[in-house]
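Here is a friendly walk through one protein chain, written for someone who thinks at the bench. Have the sequence and the 3D view open as you read.

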Amino acid sequence: SSVAAWSDDGLHFILKDKFTFEKHFLTTKYASFIKQLNNYGFTKINSKLEESGQIVLRGEEHFKHINFRRGQRDLCKDVRRAKALPRKPAEQDEYSRENKRLKSDNNRLIVENSRQADEIKRLAEELKQMKETNRN
């Protein structure tokens, strides 16, 4: 049996055995591959097929893209990574405020870390002197 195949109508493809597919054809996890398919505009159509009365075998995953069809390689040039949606101004403001807060926290922690390092040095020196005093 094959790992992947075209649907009978050639309008979508089927991953028949995701475990074999991941083991022999992927350098990443299967979930990462699916995310990439989504990034390029492919959609999983299992539920749509089932709703229309078609049989979807257990373990199969069906994916469709308007520009990915059997025998029509010229369409593949239009399969492109989706562009990220621009952020809303309110969302940008929120991220900007959070970024400023995190930078401030980071600077405060750097100063505190330095202060504690100085205190450790001072205490180590004090302990050394106390040990020397006790020896005498």
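What follows goes from the overall outline to the nonpolar core, then to the charged pairs and one loop residue.

**Overall outline**

Please keep in mind that this is a predicted model. The protein chain has four helices and four strands, and along the sequence they come in the order β-β-α-α-β-α-β-α. How does the radius of gyration of the chain stand against that of a compact globule of 136 residues? The globule would have a value near 14 Å, whereas the protein chain has 30 Å. Along the principal axes, the C-alpha atoms fill a box of roughly 95 × 45 × 30 Å.

Buried residues account for 19% of the 136 residues. The accessible surface comes to about 11400 Å², and carbon and sulfur atoms own 52% of that area. Among contacts with a separation of 6 or more, 44% are between residues 24 or more positions apart.

**The nonpolar core**

In soluble globular proteins, nonpolar side chains tend to be buried together. Here, the largest nonpolar core has twelve residues: Val3, Phe13, Leu15, Phe21, Leu26, Tyr30, Phe33, Ile34, Leu37, Phe42, Phe63 and Val79. Strand β2 (12–15) and helix α2 (30–39) each supply at least two of these residues. Helix α2 gives the largest share, four residues.

Leu15 is a good core residue to click on, as it is one of the twelve. Setting aside neighbours within four places in sequence, Leu15 is in contact with Val3, Ala4, Phe21, Tyr30, Phe33, Gly59, Glu60, Glu61 and Phe63.

**Charged pairs**

Side chains of opposite charge can pair when their charged atoms come close. A search of the whole structure turns up nine salt bridges, including the three in this table.

| Salt bridge | N to O distance |
|---|---|
| Glu61 and Lys44 | 3.0 Å |
| Lys77 and Asp78 | 3.5 Å |
| Asp105 and Arg108 | 4.0 Å |

Take the pair of Glu61 and Lys44, whose side chains meet at 3.0 Å. Glu61 belongs to strand β4 (residues 61–64) and Lys44 to strand β3 (residues 43–44), so this salt bridge ties together parts that are 17 residues apart in sequence. Glu61 is buried, at 13% relative accessible area, while Lys44 is partly exposed, at 44%. Glu61 also appears among the contacts of Leu15.

In the pair of Lys77 and Asp78, Lys77 is exposed, with a relative accessible area of 56%. Its partner Asp78 is partly exposed, at 31%.

How many residues apart in helix α4 are Asp105 and Arg108? They are three residues apart in that helix (residues 89–135), which means they are separated by about one helical turn. Asp105 counts as partly exposed, at 23% relative accessibility. Through salt bridges that share partners, Glu98, Arg101, Asp105 and Arg108 are joined into one network.

**A loop residue**

Is Asn67 buried or exposed? Asn67 sits in the loop between β4 and α4, and it counts as buried because its relative accessibility is 16%, below the 20% cut-off. Not counting residues up to four places away in sequence, Asn67 touches Leu75, Cys76, Asp78 and Val79. Two of these contacts lead back to earlier sections: Asp78 pairs with Lys77 in a salt bridge, and Val79 is part of the largest nonpolar core.

How values were computed. Residues numbered from 1 in each chain as written. Predicted model: local features only at pLDDT ≥ 70, side-chain atom pairs only at ≥ 80, totals over all residues. Heavy atoms only, no water. Helix = DSSP H or I, 4+ residues; strand = E, 2+ residues; numbered from the N terminus. Buried < 20%, exposed > 50% of the residue type's maximum accessible area, 1.4 Å probe, protein only. Contact = heavy atoms within 4.5 Å. Core = buried A, V, L, I, M, F, W, Y, C linked by side-chain atoms within 4.5 Å. Rg over C-alpha atoms; globule rule 2.2 N^0.38 Å. Areas by Shrake-Rupley, 256 points an atom, 1.4 Å probe, with all protein chains shown as cover.
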